[in-house]
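Open your viewer and get ready to click along. We will go stop by stop, with something to select at each one.

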Amino acid sequence: MLPAVVKLCCGISYPHLRSMAGLQRTAVAVIGQEITHLQRYGQIQHHMQTHAGLKYNEPKPEDIKAASKEDQLFYVQQGQEAMRKALSMLEDKEGWKVEIAESNGDVIYSKVIPGARKVFRLEVVLEASVDELYDLLFVRVEEMHKWNPTVQHIKVLKHAGPETIVTHEVSAETAGNLIGQRDFLSVRHSCKQKSSAYLGGAAIQLESFPPQAGFVRAEDGPTCIIIQALDEDRRKSHLTWLLNMDVKGWLPKSIVNQALPRAQLDYARHLRRRLAASAALG
């Protein structure tokens with residue numbers, strides 16, 4: 001059951017959250033990225049491989065700035081709406097099936113949503129507190145490439161107060177990556193409490209930052225990561241990641257549906273390594 005104070009904190013009401021079978025004993029933190037589909041501006045897209053020799057264009061200094069009050073409200077509302085949609089999707093307990101079950105207890109579930117696209121839900125327990133995960137996944141999001149090799153970079157383009165940011169993310173070109181490089185332009189909204197944290201997101205469009213040549217801008221969302229401190233040990237957290245992505249391009253669904261859950265397992269593995277390294281340093 002989601003405490004009322006958390007509902008007020010996030011500015012969203014969840015009338016049926018008690019029925020969320022997949023989120024037992026989980027009060028939630030959300031990372032969501034929902035990317036709007038932008039015109040390609042004449043860009044040629046490859047569907048099975050990335051372009052060679054492409055260079056990422058760093059955002060200009062004038063693009064990295066605090067948002068106006070009007071824009072701040074818009075960004076916050078977008079993030080809250082993405083959070084609401086993602087939680088509603090998780091709340092619907094019908095149709096979830098086990099996709100992958102690992103020996104370490106990590107489980108990925110999947111279901112088909114309207115439009116015939118599959119979404120995936122990762123459930124893991126991590127040796128980290130809510131505070132540590134919130135710091136790693138939101139406050140220090142620009143450092144994600146240091147511990148997650150599937151990310152080339154994440155750059156904060158705009159700040160809309162302490163709990164909302166606009167980011168540009170580019171996936172890394174890695175061996176065995178069936179999908180290829182993608183980029184994402186997102187608004188991320190957060191809401192944190194002592195035993196839970198919420199990070200929500202939605203797609204955003206900036207005229208000053210259109211799709212870059214050579215990168216396919218994927219449509220991702222609403223997605224979320226849900227974190228809850230374990231009652232018996234506050235040094236451990238339960239994490240749920242809802243992944244809902246349209247990778248764009250011309251990739252067969254069979255390839256996408258194989259690659260996405262594997263990417264979730266890779267993410268959990270990289271995150272565990274980062275947490276273990278941090279713990280070893282004391």
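Which residues are buried in H2? Keep that in mind for a moment while you look at the whole chain. What you see is a predicted model. Its secondary structure comes to four helices and 13 strands. Of the 282 residues, 51% count as buried. The accessible surface is about 13800 Å², and carbon and sulfur atoms hold 52% of that area.

**Stop 1: helix H2**

Select residues 69-91, which make up helix H2. Now for the answer: Tyr 75, Val 76, Gly 79, Gln 80, Ala 82, Met 83, Ala 86, Leu 87, Met 89, Leu 90 and Glu 91 are the buried residues of H2. Next, try your distance tool on the end C-alpha atoms of H2, which are 33 Å apart. Why does that agree with expectation? Because 23 residues at 1.5 Å a residue should span 33 Å.

Keep Met 83 and Ala 86 selected and add Ile 113 and Ile 226. These four are among the 13 residues of a nonpolar core, separate from the one we visit next.

**Stop 2: helix H4 and the largest core**

Move on to residues 253-280, helix H4. H4 has 28 residues and reaches 41 Å from its first C-alpha to its last, close to the expected 40 Å. Its buried residues include Ile 255, Val 256, Gln 264, His 270 and Leu 275.

How many residues does the largest nonpolar core have? It has 42, and Leu 239, Leu 260 and Leu 271 make the most contacts inside it. Among the elements that give two or more residues to this core are strand E4 (117-126), helix H3 (130-139), strand E12 (233-243) and H4. The largest share, eight residues, comes from H4.

Click on Leu 260 and show what surrounds it. Setting aside neighbours within four places in sequence, Leu 260 is in contact with Phe 120, Ile 179, Leu 243, Met 245 and Val 247.

**Stop 3: rings together**

Show the side chains of Trp 147, Trp 241 and Tyr 267, which ring pairs link into a cluster. The count for the chain comes to four aromatic pairs. One of them, Trp 241 with Tyr 267, is tilted, with 4.9 Å centre to centre and 55 degrees between the planes. Trp 241 lies in strand E12 and Tyr 267 in helix H4, so look for partners 26 residues apart in the chain. Are Trp 241 and Tyr 267 buried or exposed? Both are buried.

**Stop 4: charges over rings**

Now select Arg 121 and Trp 96. The charged end of Arg 121 sits over the ring of Trp 96, 4.7 Å from the ring centre. Then select Lys 192 and Tyr 134, where the charged end of Lys 192 sits over the ring of Tyr 134, 5.6 Å from its centre.

**Stop 5: Val 141**

Finish at Val 141, in the loop between H3 and E5. Why does Val 141 count as buried? Because its relative accessibility is 2%, and buried means under 20%. Not counting residues up to four places away in sequence, Val 141 touches Leu 136, Ile 154, Val 156, Ile 165 and Arg 188. Pick Ile 154 from that list: Val 141 and Ile 154 are 13 residues apart in sequence and 6.9 Å apart in space, C-alpha to C-alpha.

Zoom back out for a last look. Of the contacts in the chain with a separation of 6 or more, 69% join residues 24 or more positions apart.

Methods:
Residues numbered from 1 in each chain as written. Predicted model: local features only at pLDDT ≥ 70, side-chain atom pairs only at ≥ 80, totals over all residues. Heavy atoms only, no water. Core = buried A, V, L, I, M, F, W, Y, C linked by side-chain atoms within 4.5 Å. Buried < 20%, exposed > 50% of the residue type's maximum accessible area, 1.4 Å probe, protein only. Contact = heavy atoms within 4.5 Å. Expected span 1.5 Å × (residues − 1). Phe/Tyr/Trp six-rings, centres within 6.5 Å; stacked < 30°, edge-to-face > 60°. Lys NZ or Arg CZ within 6 Å of the ring centre and 35° of its normal. Areas by Shrake-Rupley, 256 points an atom, 1.4 Å probe, with all protein chains shown as cover.
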